[in-house]
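Here are my notes on this model. Please read them with the structure open.

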Amino acid sequence: MSKHIVAKVYDIPVGKRKIVEVNGRSIGIFNINGQFFAIRNRCPHEGAELCTGTVTGLRQSNTPGDYQWDREGEIVRCPWHGWEFDIKTGQSWFDPTRVRVRPYSVTVESDVAEYQPGPFKAETYLTTVEEQYIVIDLSFSSLSS
Ligand code: FES
């Protein structure tokens, strides 16, 4: 079993993140507009704690002098040298086919009794559907499908 309960849904409000340790791996979980995404908290450049970096968006341009701000809250910038990664996929912005940080599959579930209690231990007597938990699957990378 490689699914792990890492938090309650309400522990990570929209626009926030939580860094957890699961099986010796540091993983950042981000809430982007109510959807949860997880990436390894280790920059592939020189190993900085990537998920502690600034969460930002993208400035794009099709013509000189015409800029659009897009994808607010979906990009994390490494705190050491500024490499940027797509939180939803783990792909780097500057070289998306070759450089990425590992993404993990995240689900929101109510019935979690069969999963590993780490680092969050779910109560075993769930009585309401509002008690939903964030579950990470370490065996599945969201880029592998
Ligand atoms: S360690 Fe992340 S950009 Fe250098």
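**Notes on the model**

1. Start with G34. G34 sits in the loop between β3 and β4. Strands here are DSSP runs (E, at least two residues), numbered from the N terminus. G34 counts as exposed because it has 9 C-beta neighbours inside 10 Å. The cut-offs: exposed means 12 or fewer other C-beta atoms within 10 Å, buried means 20 or more, and partly exposed lies in between, with C-beta atoms placed from the backbone. V14 is 20 residues from G34 in sequence, yet their C-alpha atoms are 5.7 Å apart.

2. A word on the source. This is a predicted model: local features need pLDDT of at least 70, side-chain atom pairs count only at pLDDT 80 or more, and totals for chains, interfaces and linings use all residues. Residues are numbered from 1 along each chain as its sequence is written.

3. Now the largest nonpolar core (buried Ala, Val, Leu, Ile, Met, Phe, Trp, Tyr and Cys residues joined through C-beta atoms within 7 Å). It has 26 residues, and I29, A38 and V106 touch the most other members. β1 (3-8), β3 (25-32), β4 (35-40), β8 (103-109) and β9 (133-137) each supply at least two core residues.

4. Look at the open sheet. Its 3 strands run in the order β5-β6-β7, with antiparallel pairing. Pairing requires at least two DSSP bridges between two strands. β5 (54-63) and β7 (84-86) are the edges; each has a single partner strand, so one side of each lacks a neighbour in the sheet.

5. Check one pair in detail. β5 and β6 (residues 66-77) run antiparallel, joined by 8 bridges. Q60 stands opposite Q68 in β6.

Definitions and conventions: Helix = DSSP H or I, 4+ residues; strand = E, 2+ residues; numbered from the N terminus.
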